[in-house]
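Hi everyone, thanks for making time for this. I'd like to walk you through the cysteines of one model and then a few other spots, so please bring it up on your screens.

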Amino acid sequence: MFFVTFCGCIGALRENIHLLKTFSFSLTLVFLTQLAIAVLGFFYSDQTRDALGKFVNKAIVHYRDDLDLQNLMDYIQREFKCCGWNNHTDWSWNLYFNCTQGNPSSERCAVPYSCCTPVPGEVVINTMCGFGVQTQNYLEATKSIYPVGCADRAVLWIESHLLLVGALALGLSLPQIAGIVLSQILISQIQDEISSVL
Ligand SMILES: *[C@@H]1O[C@H](CO)[C@@H](O)[C@H](O)[C@H]1NC(C)=O
Ligand SMILES: *[C@@H]1O[C@H](CO)[C@@H](O)[C@H](O)[C@H]1NC(C)=O
């Protein structure tokens, strides 16, 4: 930023064509990079969602083997108030929570308690509040856990922030375009001046 503004400021002050051209070129480069990122983000949003889904699947499968993944999943579910990727039954992907008949795990058909909606005024956290909820339907599950899958939450979050990013990008690109146009006008005026003198 220092380099670009230095070129623009001194270039305009001294009417130096080289500095003004460097300024204009740098702004154009930054602008095109922003445009490319915006276009890529827009067209690859489905791929982004699929990649996130694969990652959450891995985090659910290895929930009990990897403390980092466990902490991350707990954090995501609490922060976004969601459970599983599509819905809470996704916890069957994990060996311990798998709801298949004959699974000897004591947590069969359960979900981790990071899925649970906090009970107001509760002193001792009920870590077993998610037990058996995979057998419940959406309405029953609503009573004890966040019934919404993290995929829907993620899409909502990304969409609401895309709007913010879009607004910011627009706010940033207007002065950039103004800078490019004005420096080009100044360059051509200086060139006219030089050729009229010669
Ligand atoms: C649960 O475990 C059974 C038996 O191991 C397996 O066939 C099934 O695919 C598992 N469920 C999920 C959702 O992965
Ligand atoms: C959970 O999501 C799966 C896959 O999208 C769907 O087949 C299943 O019916 C859903 N279960 C509930 C209880 O909503």
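Cys 115 is buried, with a relative accessible area of 0%. By buried I mean under 20% relative accessible area; exposed is over 50% and partly exposed is in between, with a 1.4 Å probe and protein chains only. Before I go on, some ground rules: this is a predicted model, where local features need pLDDT of at least 70 and side-chain atom pairs count only at pLDDT 80 or more, while totals for chains, interfaces and linings use all residues. Residues are numbered from 1 along each chain as its sequence is written, chains are lettered from A and ligands numbered from 1 in the order in which they are written, and side-chain values use heavy atoms, with hydrogens and water left out.

Back to Cys 115. What is its partner? Cys 115 forms a disulfide with Cys 83, and the two sulfur atoms are 2.0 Å apart. The cut-off for a disulfide here is a pair of cysteine sulfur atoms within 2.5 Å. The link of Cys 83 and Cys 115 is right-handed, with 85 degrees belonging to another pair I'll come to and 80 degrees about the S-S bond here. Both Cys 83 and Cys 115 lie in the loop between α4 and α5, so the pair ties together parts that are 32 residues apart in sequence. Helices, for the record, are DSSP runs of H or I with at least four residues, strands are runs of E with at least two, and both are numbered from the N terminus. Cys 83 has a relative accessible area of 0%, so this cysteine counts as buried.What surrounds Cys 83? Leaving aside neighbours within four places in sequence, Cys 83 is in contact (heavy atoms within 4.5 Å) with residues including Gln 77, His 88, Trp 91, Val 111, Ile 145 and Tyr 146.

How many disulfides are there in the whole structure? A search finds four. One of them joins Cys 82 and Cys 150, with their sulfur atoms 2.0 Å apart. That link is right-handed, at 85 degrees about the S-S bond. Cys 82 sits in the loop between α4 (67–80) and α5 (138–142), whereas Cys 150 belongs to helix α6 (residues 150–197), so this pair ties together parts 68 residues apart in sequence. Cys 82 and Cys 150 are both buried.

Another disulfide is formed by Cys 116 and Cys 129, whose sulfur atoms are 1.9 Å apart. The link of Cys 116 and Cys 129 is right-handed, with 105 degrees about the S-S bond. Cys 116 and Cys 129 each lie in the loop between α4 and α5, so the parts tied together are 13 residues apart in sequence. Cys 116 has a relative accessible area of 11% and is buried.

If you number the bonded cysteines of the protein in sequence order, the pairing reads 1-8, 2-5, 3-4, 6-7.

Now for two cysteines without a bond. Why is Cys 7 not bonded? The closest cysteine sulfur, in Cys 9, is 10 Å from the sulfur of Cys 7, which is too far for a bond. Is Cys 7 buried or exposed? At 3% relative accessibility, Cys 7 counts as buried. Cys 9, in contrast, counts as partly exposed, at 48% relative accessibility.

Let's turn to the nonpolar cores. A nonpolar core here is a set of buried Ala, Val, Leu, Ile, Met, Phe, Trp, Tyr and Cys residues joined through side-chain atoms within 4.5 Å. The largest has 21 residues, and Met 73, Cys 83, Trp 91, Val 111, Cys 115 and Ile 145 are those with the most contacts inside it. Helices α3 (45–61), α4 and α6 each supply at least two residues of this core. Apart from that core lies another, of five residues, among them Cys 7, Phe 23, Leu 27 and Ile 180. So our bonded Cys 83 and Cys 115 turn up in the largest core, and the unbonded Cys 7 in the other.

You may also have spotted a ligand on the screen. Which residues are around ligand 2? They are Asn 86, Asn 87 and Thr 89, where the cut-off is a heavy atom within 4 Å. An oxygen atom of ligand 2 is 2.3 Å from an N or O atom in the side chain of Asn 87. Taken alone, ligand 2 exposes 360 Å², and the protein buries 40% of that; these areas come from the Shrake-Rupley method with a 1.4 Å probe, and for residues only the protein chains shown count as cover.

Last stop, helix α6. Ser 173 has its place in this helix and is buried, with a relative accessible area of 11%. The side chain of Ser 173 reaches the backbone oxygen of Leu 170 at 3.1 Å. That is a polar contact, meaning a pair of N or O atoms within 3.5 Å; within protein, one must be able to donate a hydrogen and the other to accept it, and residues adjacent in sequence count only if both atoms are side-chain atoms. Leu 182 also lies in helix α6, but Leu 182 is exposed, with a relative accessible area of 56%. How far is Leu 182 from Trp 93 in space? The two are 59 Å apart, C-alpha to C-alpha, and 89 residues apart in sequence.

That's my tour, thanks for listening!
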